[in-house]
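User: Hey, could you walk me through this protein model? I'm new to this, so plain words please.
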Amino acid sequence: MELPDTQSTQPEVRINLTRVGVKNVKKLVEVARPGKRPVIFISTFNVYVDLPSSLKGANLSRNFEVIDEVLQQAIEGEVNGIEEVCNAVARKLLDHHEYADRTEVKMKSLYMVKRETPVTKTECHEVVEVHASAVADRNNGTPIVRKMIGAEVTGITACPCAQNIMKELASAKLRNLEISEDKIQEFLNEIPMATHNQRGKGFLLIETDDDQRVELETIIDILKDSMSARIYELLKRGDESHVVFAAHSNARFVEDCVREMAKHVVEKFSYLPGDSVITIKQTNEESIHQHDAYAERKATIAELKAEIKAS
């Protein structure tokens with residue numbers, strides 16, 4: 001007995017739909033690496049296609065079939081990189097949804113990274129939130145794909161404004177103790193002053209053509225190095241003093257963090273096409289206020305290069 005295909009019937013209200021699909025599909029993603037252990041991501045997928053006005057519904061089971069097919073290819077080493085998973089899913093969705101002209105895949109993952117503390121070299125782990133997506137347009141049988149890869153990481157920032165206030169107070173106290181100006185300056189050059197700190201959350205997303213390669217680890221390093229200091233889940237006493245000293249020696253506003261990220265992106269990804277889109281965000285959770293500080297920049301890499309060169 002042939003079962004009815006209700007999705008293929010005509011809807012009562014005939015309008016095109018921009019996105020039809022499934023959200024919050026949870027999968028364990030394993031990406032093979034030559035000569036290394038595979039990378040494991042705990043991922044959530046949102047998968048969409050556009051739908052013409054002539055169809056009542058999309059065949060959503062095909063989305064699950066495509067995801068599982070691509071994940072198996074990743075395990076076998078046929079798909080390299082987390083953003084390539086989205087790329088492959090977006091392309092295959094066009095094959096499985098012959099009525100669709102556009103497909104979109106979004107993936108948010110938790111990625112466990114092994115780190116080593118700066119002084120005692122103690123091994124610890126940290127969780128990084130990874131963002132990847134891809135959009136495929138049919139384009140008369142020659143799909144055009146744009147893909148995105150990014151991450152959000154946590155670090156520490158130290159406020160330069162409060163630090164300069166504390167520096168002036170320390171200078172006055174030392175003068176009252178009849179310490180010479182040379183000694184005061186020598187001390188202040190060696191020991192950074194106290195200030196209030198923030199837990200900083202940096203976000204960097206790079207959108208480019210599907211033939212370009214953007215290393216996730218490079219993105220993570222850019223984010224961490226753009227704040228006042230890196231943080232670690234496990235710290236011995238020597239590590240703790242190193243992190244605190246490093247953060248206070250490198251005080252940065254939320255605006256500084258975004259500008260540092262932009263500079264590092266231009267340095268590390270200078271090979272990308274000029275129309276690659278860079279999205280940078282920094283949120284600092286204030287310790288002496290109830291609000292958060294925030295800064296953002298979205299631009300092409302060509303625009304960032306031109307601005308940095310002119311500065």
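Analyst: Sure, we can go through pockets, helices and a few single residues; just keep in mind that this is a predicted model.

User: Cool. How much space lies in the largest pocket?
Analyst: About 430 Å³ of space.

User: And which residues line the largest pocket?
Analyst: The lining is made of Arg33, Arg37, Pro38, Val39, Ile40, Tyr111, Met112, Val113, Lys114, Arg115, His125 and Glu217. By class, that lining has 6 nonpolar, 1 polar and 5 charged residues.

User: Which strands each supply at least two residues of that lining?
Analyst: Strand 2 (36-51) and strand 3 (102-116) each do. Strand 3 gives the largest share, with 5 residues.

User: What about closed spaces? How many cavities of 30 Å³ or more does a search of the whole structure find?
Analyst: The search finds 1 cavity of that size. The largest cavity holds about 30 Å³ of space. As background, rolling a probe the size of a water molecule over the atoms shows where empty space is left.

User: What lines the largest cavity?
Analyst: Thr18, Arg19, Tyr48, Val49, Asp50, Arg102, Thr103 and Glu104 do. Two or more of the lining residues come from each of strand 1 (17-33), strand 2 and strand 3. Sorted by class, there are 2 nonpolar, 2 polar and 4 charged residues in this lining.

User: OK, switching to helices. How far does helix 6 reach from its first C-alpha to its last?
Analyst: Helix 6 covers residues 237-248, so 12 residues, and reaches 17 Å, close to the 16 Å expected at 1.5 Å a residue. Its buried residues are Asp239, Val243, Ala247 and His248. They cover an arc of only 155° around the axis, so they sit on the same side of helix 6.

User: What covers those buried residues of helix 6?
Analyst: The cover includes strand 5 (144-158), helix 3 (160-176) and strand 6 (197-209).

User: Does helix 5 have a similar story, I mean, which of its residues are buried?
Analyst: In helix 5 (residues 216-225), the buried ones are Leu216, Ile219, Ile220, Ile222, Leu223 and Lys224. They pack against strand 2, strand 3, strand 4 (123-137), strand 5, strand 6 and helix 7 (254-268).

User: You mentioned helix 7. How far apart are its end C-alpha atoms?
Analyst: They are 21 Å apart, and that agrees with expectation because 15 residues at 1.5 Å a residue should span 21 Å. The buried residues of helix 7 are Val254, Cys257, Val258, Glu260, Met261, Ala262, His264, Val265 and Val266. What they pack against is strand 5, strand 6, helix 5, strand 7 (277-286), strand 8 (292-300) and helix 8 (301-310).

User: Glutamate 260 caught my eye. Why does it count as buried?
Analyst: Glutamate 260, which is found in helix 7, has a relative accessible area of 18%, and buried means under 20%. Leaving aside neighbours within four places in sequence, glutamate 260 is in contact with Ser226 and Arg252.

User: Now some loops. Where does aspartate 275 lie?
Analyst: Aspartate 275 is in the loop between helix 7 and strand 7. With a relative accessible area of 43%, it is partly exposed. Not counting residues up to four places away in sequence, aspartate 275 touches Arg146, Asp209 and Thr300.

User: And what separates the C-alpha atoms of aspartate 275 and glutamate 303?
Analyst: A distance of 8.8 Å, while the two residues are 28 residues apart along the chain.

User: Last topic: backbone angles. What is phi for asparagine 139?
Analyst: Phi of asparagine 139 is positive, about 55°, although this residue is not a glycine. In general, most residues other than glycine have a negative phi. Asparagine 139 lies in the loop between strand 4 and strand 5, and at 39% relative accessibility it counts as partly exposed.

User: What about phi of glutamate 178?
Analyst: That phi is near 65°, again a positive value in a residue other than glycine. Glutamate 178 has its place in the loop between helix 3 and helix 4 (181-190).

User: Is glutamate 178 buried or exposed?
Analyst: Glutamate 178 is exposed, with a relative accessible area of 73%.

Note on methods
Residues are numbered from 1 along each chain as its sequence is written. This is a predicted model: local features need pLDDT of at least 70, side-chain atom pairs count only at pLDDT 80 or more; totals for chains, interfaces and linings use all residues. Side-chain values use heavy atoms; hydrogens and water are left out. On a 1 Å grid over the protein atoms alone, a cavity is a set of points where a 1.4 Å probe fits but cannot get out, and a pocket is an open set with protein on both sides within 12 Å along at least five of seven lines; lining residues have an atom within 4 Å of a point. Grid points are joined across faces, edges and corners, and a volume is the space filled by probe spheres set on the points. Helices (H or I, at least four residues) and strands (E, at least two) are DSSP runs, numbered from the N terminus. Ala, Val, Leu, Ile, Met, Phe, Trp, Tyr, Cys and Pro count as nonpolar, Asp, Glu, Lys and Arg as charged, and the others, Gly among them, as polar. The expected span of a helix is 1.5 Å times one less than its number of residues. Buried means under 20% relative accessible area, exposed over 50%, partly exposed in between (1.4 Å probe, protein chains only). The arc is that of the directions from the helix axis to the C-beta atoms. Contact means heavy atoms within 4.5 Å.
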